[in-house]
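Here are a few notes to read alongside the structure. Take them one at a time, and keep the 3D view open as you go.

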Amino acid sequence: MNFYGLVDLMARLRSPEGCAWDRAQKIEDLRPYIMEEAMELVSAIDSGDEKKIREELGDLLFEIIFVTKIEEEKGYFKIDDVISAIAEKMIERHPHVFGDGFADGKAPTKEEVNKRWEEIKAEKRGGGSVLDGVSEELPALLIAEKYGRRASDVGFDWEDVPGVIEKIEEEIAELKGAKAEGSQPEVEEEMGDLLFSVVNLCRFLGVNAELALRGANKKFSKRFREVESILNTRGVPVSAMKDMSIDQLEELWREAKDKE
């Protein structure tokens, strides 16, 4: 089956003779599935499993076609309109490939291409804030990264990495102060400021904050499960950890780490 065969398959699922569940879905109902499929694709890419990547790409593509079909039924647009729109955008944002190129006629660097990409986006936005267009529905880490990058594009940024680290240290001090005062709302606010500063450090270091945190989560899960395994082999219940000293827990953690 080709791409338009899948489009026809969706049309049949939404038809009166199709599936009651598929017919009942509204565009809002599909949001959790779209997010889930996108993150499962990221996980598949992380795993390096080509078969899984292919499978998750198909799942995400199906959700895209599903949304488009609902919009088509409402008379807004069809799948060909979606394809045409993204093709036009990619052509417009790659003038060095499809247009007159850069002024000096030289092949642009990756950094120059990215800078021009953002300039074209800004031109399209016209007036208003440079932060306009960043969806509040995105993960908070991604929003913070986008805000930081857009502010940087207009010169609102630190000069170097030490400057960002100094800001992080400042936020830690303010968090300690809020904690000492016992104000939970202020603690939450200062914790947010600290996280935002850490995301900016990631940007300065060329690290994707979302992927870095996913990697840390995966590493923690692997090591903690190893700690549980060590305890199990010694006949010690995992629940006994709450009665152990910090030194005993640290020793277990180092042992699990050494086994990697």
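1. Let's begin with contacts. Among contacts in the protein chain between residues at least 6 apart in sequence, 54% join residues at least 24 apart. Please keep in mind that this is a predicted model.

2. Next, the make-up of the chain. You can find 12 helices and 0 strands in the protein chain, and reading along the sequence gives the pattern α-α-α-α-α-α-α-α-α-α-α-α. The radius of gyration is 25 Å, well over the 18 Å that the globule rule gives for 260 residues, so the protein chain is more spread out than a compact globule.

3. Now the dimensions and the surface. The C-alpha trace spans about 65 × 55 × 40 Å along its principal axes. About 17800 Å² of the protein chain is exposed, and carbon and sulfur atoms supply 56% of that area. Of the 260 residues, 23% count as buried, meaning under 20% relative accessible area.

4. Where should you look for the largest pocket? Try around Met39, Leu138, Pro139, Leu142 and Glu210, which lie nearest its centre among the 21 lining residues. Helices H3 (31–47), H8 (140–153), H10 (184–204) and H11 (209–233) are the elements that each give two or more residues to this lining. The largest share, 6 residues, comes from H3.

5. Finally, the character of that pocket. Its volume is about 560 Å³. What kinds of residues line the largest pocket? The lining divides into 13 nonpolar, 2 polar and 6 charged residues.

Definitions and conventions
Residues are numbered from 1 along each chain as its sequence is written. This is a predicted model: local features need pLDDT of at least 70, side-chain atom pairs count only at pLDDT 80 or more; totals for chains, interfaces and linings use all residues. Side-chain values use heavy atoms; hydrogens and water are left out. On a 1 Å grid over the protein atoms alone, a cavity is a set of points where a 1.4 Å probe fits but cannot get out, and a pocket is an open set with protein on both sides within 12 Å along at least five of seven lines; lining residues have an atom within 4 Å of a point. Grid points are joined across faces, edges and corners, and a volume is the space filled by probe spheres set on the points. Helices (H or I, at least four residues) and strands (E, at least two) are DSSP runs, numbered from the N terminus. Ala, Val, Leu, Ile, Met, Phe, Trp, Tyr, Cys and Pro count as nonpolar, Asp, Glu, Lys and Arg as charged, and the others, Gly among them, as polar. The radius of gyration is taken over C-alpha atoms; the globule rule is 2.2 Å times the number of residues to the power 0.38. Buried means under 20% relative accessible area, exposed over 50%, partly exposed in between (1.4 Å probe, protein chains only). Contact means heavy atoms within 4.5 Å. Accessible areas come from the Shrake-Rupley method with a 1.4 Å probe; for residues, only the protein chains shown count as cover.
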